[in-house]
Amino acid sequence: MDSGDLAGFEIYMNGSIADDFEFAGFAGPSERSFVLSGLAWGTTYLFRIRSVDTSGNPSNLSGTLEARTASVQISLGVKAVYTDEGPLAGLPVFNGTASLISFNGTVIATARLNSEGWTYFQGLEADEYYTVHITPPPHVMGEENVTDGYLPVLGPVMQASVDDPEMELSIVVPYYFLPRVGTIEVEVVFGNGPRQGGVFEAIVILLDESDVPVEQKTTDADGKVSFTISDLPFRGRFDVIPPEELKGDPEQNTSGYLPIRTNFFEMDRSRTDLGVFTVELNYFSYTPPPPDLYIVSCTPKGNDVPLDADIIIRFDQPVNTDSVESHFRIYPALPGMSFSWDEYGTNLTISHDGFLPDMNYTVVIEEGAYSMIGTGFPPGYASNTWSFHTAREETGKDNGKGLSREVIWALIIGSLVLLIIVALFIWNSSRREGEELDEEDMYALSDTEFDGDMDYFDEEELEGEFDTDEYPDDLVEDLVEEMPLEEELIEEEEEIEEDMEEELIEEEEEFEEEEPEAEEEPREEEKEEMAEGEGGSEDVDEELPEEEEEEAQKKPVKRHAKRNKGKKRNP
């Protein structure tokens, strides 16, 4: 092939026979090297080359060339630092020891950590598993249950890979605290109030940082109790509760000592004994509010109150008398009021010129009246207002005639009722005996001044004895209403009188039919007697004026006797 016609070289690789080679790339006529990428580390490859002219004609393949890639160098960088606890918190583990350990536990290599806490391991085989163990320097290293210090630590397991030939690992070295026991003594004392000294049998509760109870104890006679804390460091506080018999409660208005929760305290290994932790109990004193003002009693009340009755008010405590008097009201107004108090300022007596008769009075002690300690009536108090009604007249007082008017009217009506009962008794007795009363009997009956008929009372005579206009009709009606028996008797008397009149009329009619002539004769005789009487009337009038007065008094009796003339009484 002419070199002037050379186009380049074709490169084939990785075949054990001619047909297995694959095209790998093309190099120009002037190129003396060719780079292949993506080959595996430590792997043998086969290559063959042929030339190609400008017309595309290839030459024969060359002989086989063998080439091997280089072996990979996998390294591991390790950095160790101290934990955030302990005296070297966060510092690199200078002068510590790092050991590379295979998966089966064999220590492959050991290296010293530099001042930055770094060390490097080379020649790790791909796909193998490794771990690293860090040992702190002896002067800072601790031992569990023996001493405080930094403990050796084993790092995580990792796999070496050609894909990451420069691996790095960071390891934190922990610090070990040897457990220590701390003690604290609590003293509970009375801070104020009526007691002093230590509080016996107070309840003390140890709380942790989250206020979760850890332990509960009771104080001794000196008010002291001790707690042992087995795992330092510790941060907590106390709840202190007084004995039940000394406990106060503001919500229940009870005086006494109040429970208390203390501030936090802290203990660590450098401070294992806090000494005495003193807790003072505060005393709550309940002071009841001053009592409200109340009226214990007040008079008068009800009805028929005498017109000269005093107003008397008694309070439950001494009052400011000026405030009560200035807030005293009575409706309607009462003239001539005079206020007088007892020596304690609790009882008030009000005299006056007299109530009006038959009048409703309302007494009010308005808000603004107050006691000597400054309290007034409670909200919504209603007993500071009351009413009463006075009597119609001055009940029970002398009317100037020796007896009160009510008593006189009661005697009048009682006498009338008694007369009615007597008349009814006589009339019934006459009917049973079957006797007929003649005119003389009627005159005899008139001596009782009553025969069952109200006409027997001469109105003029009654008016002369009792002035009816002086007594109101409504008073008489009230007294009569209070005597139902008297009213019933009057109604019964009226019915009997009506029956008697009807019977008289019937008997007179029968009598006129049977003896008309006999009736006329006496009438003529009566006329003659009347004529003779006219001639001597003047003498009678002059000589017997008293008889005329008696005759005038008997007229009602005669009139009634005449009306009943000829009547026969039934047995």
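1. In this predicted model, a good place to begin is glycine 8, which stands opposite valine 52 in strand S3. The strands concerned are S1, covering residues 6-13, and S3, covering residues 44-53, and they pair in the antiparallel sense over 7 bridges.

2. These two strands belong to an open sheet of 4 strands, in which the order is S2-S1-S3-S4 and the pairing is antiparallel. Strand S2 (22-27) and strand S4 (65-68) stand at the edges, where each has a single partner strand, so one side of each is left without a neighbour in the sheet. From one strand to the next, the twist averages 35°.

3. Further along the chain, strand S15 (residues 182-190) deserves a careful look. With strand S18 (residues 224-229), S15 pairs in the antiparallel sense over 6 bridges, whereas S15 and strand S23 (residues 273-281) run parallel and are joined by 7 bridges.

4. Which residues are the bridge partners of glutamate 185 in S18 and in S23? In S18 the partner is serine 226, and in S23 the partner is valine 276.

5. Turning to the surface, Leu418, Val422, Phe425 and Ile426 make a nonpolar patch of about 370 Å². One of these residues, isoleucine 426, lies in helix H2, which spans residues 405-433. Isoleucine 426 counts as partly exposed because its relative accessibility is 31%, and partly exposed means a value between the limits of 20% for buried and 50% for exposed.

Key
Residues are numbered from 1 along each chain as its sequence is written. This is a predicted model: local features need pLDDT of at least 70, side-chain atom pairs count only at pLDDT 80 or more; totals for chains, interfaces and linings use all residues. Side-chain values use heavy atoms; hydrogens and water are left out. Patches are made of residues with over 30% relative accessible area and no salt bridge: like charges are joined within 9 Å, nonpolar side chains (Val, Leu, Ile, Met, Phe, Trp, Tyr) within 5 Å. Accessible areas come from the Shrake-Rupley method with a 1.4 Å probe; for residues, only the protein chains shown count as cover. A salt bridge is a side-chain nitrogen of Lys or Arg within 4 Å of a carboxyl oxygen of Asp or Glu. Buried means under 20% relative accessible area, exposed over 50%, partly exposed in between (1.4 Å probe, protein chains only). Two strands pair if DSSP finds at least two bridges between them. Axes are lines fitted to C-alpha atoms, for helices over the stretch in contact, and angles run from 0 to 180 degrees between N-to-C directions.
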